[in-house]
Amino acid sequence: MTLALHAEAMGLAIEEARSAGREGEVPIGAIVLDGAGAVVARAHNRREASLDPTAHAEVLALRQAAASLGRWRLDDCTLVVTLEPCPMCAGAVVMARVRQLVFGAWNDEYGAAGSRWDLVRDRRLNHRAEVIGGVRADECGAMVTEFMTDQRPAPEER
């Protein structure tokens, strides 16, 4: 995929993130592209709605892609997500054998694809994904920052 295709795919993930925000979820969206670049899954955070701590956009999109493709090995797929994955989601990328991870904003607090940790490229594991970070980063990061400012008051305001 070229940078232009990454940016276009990120646009779809951003649409998902906006849907999450409208639903009161942290605005993170993800899509999965198959080896030919076709969208096989799209999802956004649903932790609040489902009361499921694992209902992150990435996990939901990977589950949907596996069901759509009829296999758990997603070794020809690209996961595109608006925020650098947390350790749980990075682990799911490794376990699903995702070929390529493309993300928008860096996640300095929980990022596990190069910022705080680099789980998806850890040589001790049996699979390493190609990582492309920073695609439409400002736009992706602004959504989360605005949501946290608007929806989640500072501890002293609670």
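Helices (H or I, at least four residues) and strands (E, at least two) are DSSP runs, numbered from the N terminus. The structure is a predicted model, in which local features need pLDDT of at least 70 and side-chain atom pairs count only at pLDDT 80 or more, while totals for chains, interfaces and linings use all residues. Residues are numbered from 1 along each chain as its sequence is written, and side-chain values use heavy atoms, with hydrogens and water left out.

Helix H1 covers residues 3-22, and because the expected span is 1.5 Å times one less than the number of residues, its 20 residues should span 28 Å, which agrees with the 28 Å between its end C-alpha atoms. Its buried residues (under 20% relative accessible area, where over 50% is exposed and in between is partly exposed, with a 1.4 Å probe and protein chains only) include His6, Met10, Ile14 and Glu16. Among the elements that cover them, by contact (heavy atoms within 4.5 Å), are strand S1 (29-33), strand S3 (78-83) and H5. Just after H1, glycine 24 takes a positive phi of about 85°.

Two residues other than glycine also have positive phi values: leucine 51, near 55°, and arginine 136, near 55°. Leucine 51 sits in the loop between helix H2 (47-50) and H3, whereas arginine 136 belongs to the loop between S5 and H5.

The accessibility of these two residues and of two cysteines is set out here.

| Residue | Relative accessibility | Class |
|---|---|---|
| Leucine 51 | 75% | exposed |
| Arginine 136 | 33% | partly exposed |
| Cysteine 77 | 0% | buried |
| Cysteine 86 | 13% | buried |

A search of the whole structure finds 0 disulfides (a disulfide being a pair of cysteine sulfur atoms within 2.5 Å). For cysteine 77 the nearest cysteine sulfur, that of cysteine 89, is 16 Å away, and for cysteine 86 the nearest, again that of cysteine 89, is 3.7 Å away.

The largest pocket holds about 500 Å³ of space. A pocket is an open set of points on a 1 Å grid over the protein atoms alone, where a 1.4 Å probe fits, with protein on both sides within 12 Å along at least five of seven lines, and lining residues have an atom within 4 Å of a point. Of the 22 lining residues, Ile28, Leu83, Asn107, Tyr110 and Met148 are the closest to the centre of the pocket. The lining divides into 12 nonpolar, 5 polar and 5 charged residues. Helix H3 (57-69) and helix H5 (137-151) each supply at least two lining residues, and H5 gives the most, with 4 residues.

Technical notes: Points joined across faces, edges and corners; volume = space filled by probe spheres on them. Nonpolar A, V, L, I, M, F, W, Y, C, P; charged D, E, K, R; others polar.
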